[in-house]
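I'm starting a fresh page for a structure I haven't looked at before. I want to go through it one topic at a time and jot down what I find.

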Amino acid sequence: IIARGRSSTQIFYLGDEGFEKVGETVSSSWSSWRGRLRLTYVNDQVIATNLMGFQNFDISDPKSPVTVGSYTDGQLGWKHMAATGSGLGVAVNSINSGSQGDVSVYNFRYAFASTQEDRDKTFLTTISTPGDAMAVSIYNGFAFVADSSSGVQVINFMPYDSKGVKP
């Protein structure tokens with residue numbers, strides 16, 4: 001079980017004696033901002049969103065989780081992030097916490113790059129939704145977005161594969 005608090009991300013195992021904390025990593029200073037602290041797990045990585053962006057943790061060794069990096073783009077309305085497992089992330093975010101949420105696509109390969117030029121390649125696009133997007137899940141290359149009173153929006157965020165070449 002992975003749990004996120006205001007200042008740390010903790011990993012627990014459920015054993016015969018109950019829950020046992022086996023690992024913990026301290027979150028960056030901006031994670032103490034109020035807001036949704038949601039987690040997404042993919043390929044031994046945990047992506048933790050908060051009001052200003054997300055952090056990425058490597059938990060391939062649950063007893064020694066490592067902070068890979070933090071990403072922020074100036075928006076103050078991050079709500080949720082889902083990872084594809086192939087280097088892309090689909091986020092529900094907005095300009096500020098009071099604005100209507102939409103869906104944005106990010107390239108994780110550049111999120112923690114050492115140069116600003118490479119970090120600028122992280123954001124790919126924003127897709128508007130008719131409602132106020134609150135959460136996202138990915139299945140079979142589609143984003144399923146909880147869009148408040150507008151219901152669930154199904155979004156194809158990837159271009160059509162017309163050459164039959166797998167990503």
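The entries below go through charged pairs, aromatic rings, a pocket and a few single residues.

**Entry 1: what kind of model**

Before anything else, I note that this is a predicted model. I keep that in mind for every value below.

**Entry 2: salt bridges**

How many salt bridges does the count come to? I get 3 salt bridges.

I began with Lys21 and Glu24. Their side chains meet in a salt bridge, at 3.0 Å from N to O. I looked up the accessibility of both partners. Glu24 has 37% relative accessibility and counts as partly exposed, and Lys21 counts as partly exposed at 44%.

Then I went to Asp118, which forms a salt bridge with Lys121. The closest N and O atoms of Asp118 and Lys121 are 3.2 Å apart. Asp118 has a relative accessible area of 25%, which I write down as partly exposed. Lys121 is partly exposed as well, at 37% relative accessibility.

I saved Asp132 and Lys79 for the end of this entry. Their closest N and O atoms are 2.8 Å apart, and the two form a salt bridge. Which parts of the chain does the pair link? I found Asp132 in the loop between β11 (123-127) and β12 (135-139), and Lys79 in the loop between β7 (66-72) and β8 (80-83). The two residues are 53 residues apart, so I'd call these distant parts of the chain, as the pair links them.

Is Lys79 buried or exposed? Lys79 has a relative accessible area of 3%, and buried means under 20%, so Lys79 is buried. Its partner Asp132 is partly exposed, with a relative accessible area of 25%.

**Entry 3: aromatic rings**

Next I turned to the rings. A search of the whole structure gave me 8 aromatic pairs.

I looked at Phe54 and Tyr71, an aromatic pair that is tilted. Their centres are 5.3 Å apart and there are 35° between the planes. Phe54 lies in strand β6 (residues 53-58) and Tyr71 in strand β7, so the pair ties together parts that are 17 residues apart in sequence. Phe54 is buried, with a relative accessible area of 0%. Tyr71 counts as buried too, at 7% relative accessibility.

Tyr71 also pairs with Tyr106, their ring centres being 5.8 Å apart. Why is this pair edge-to-face? The planes of Tyr71 and Tyr106 stand at 70°, and over 60 degrees counts as edge-to-face. I placed Tyr106 in strand β10 (residues 102-107) and Tyr71 in strand β7, so this pair ties together parts that are 35 residues apart in sequence. I also checked Tyr106 for burial, and it is buried, with a relative accessible area of 0%.

Which residues do ring pairs link into a cluster? I listed Phe54, Tyr71, Trp78, Tyr106, Phe108, Phe112 and Phe123.

**Entry 4: a pocket**

I picked the second largest pocket, which holds about 160 Å³ of space. I noted its lining residues: Val42, Asn43, Gln45, Ile47, Asn56, Ala83, Thr84, Gly85, Ser86, Gly87, Leu88 and Phe108. I met Phe108 already, as one of the residues in the ring cluster.

How does this lining divide into nonpolar, polar and charged residues? I have 5 nonpolar, 7 polar and no charged residues down for it.

**Entry 5: a few single residues**

Asn50 sits in strand β5 (residues 45-50). At 0% relative accessibility, Asn50 counts as buried. What does the side chain of Asn50 reach? I found it 2.9 Å from the backbone nitrogen of Met52.

Leu51 took me into the loop between β5 and β6. Leu51 is buried, with a relative accessible area of 14%. I also looked up the distance from Leu51 to Val26, two residues that are 25 residues apart along the chain. Their C-alpha atoms are separated by 17 Å.

My last stop was Thr129, in the loop between β11 and β12. Asp132, from the salt bridge with Lys79, is in the loop between β11 and β12 as well. Thr129 has a relative accessible area of 7% and is buried. Thr129 and Ser150 are 21 residues apart in sequence, and I get 8.6 Å between them in space, C-alpha to C-alpha.

Terms used:
Residues numbered from 1 in each chain as written. Predicted model: local features only at pLDDT ≥ 70, side-chain atom pairs only at ≥ 80, totals over all residues. Heavy atoms only, no water. Salt bridge = Lys/Arg side-chain N within 4 Å of Asp/Glu carboxyl O. Buried < 20%, exposed > 50% of the residue type's maximum accessible area, 1.4 Å probe, protein only. Helix = DSSP H or I, 4+ residues; strand = E, 2+ residues; numbered from the N terminus. 1 Å grid on protein atoms, 1.4 Å probe; cavity = no way out; pocket = protein on both sides within 12 Å on 5 of 7 lines; lining within 4 Å. Points joined across faces, edges and corners; volume = space filled by probe spheres on them. Nonpolar A, V, L, I, M, F, W, Y, C, P; charged D, E, K, R; others polar. Phe/Tyr/Trp six-rings, centres within 6.5 Å; stacked < 30°, edge-to-face > 60°. Polar contact = N/O pair within 3.5 Å; in protein donor to acceptor, adjacent residues only side chain to side chain.
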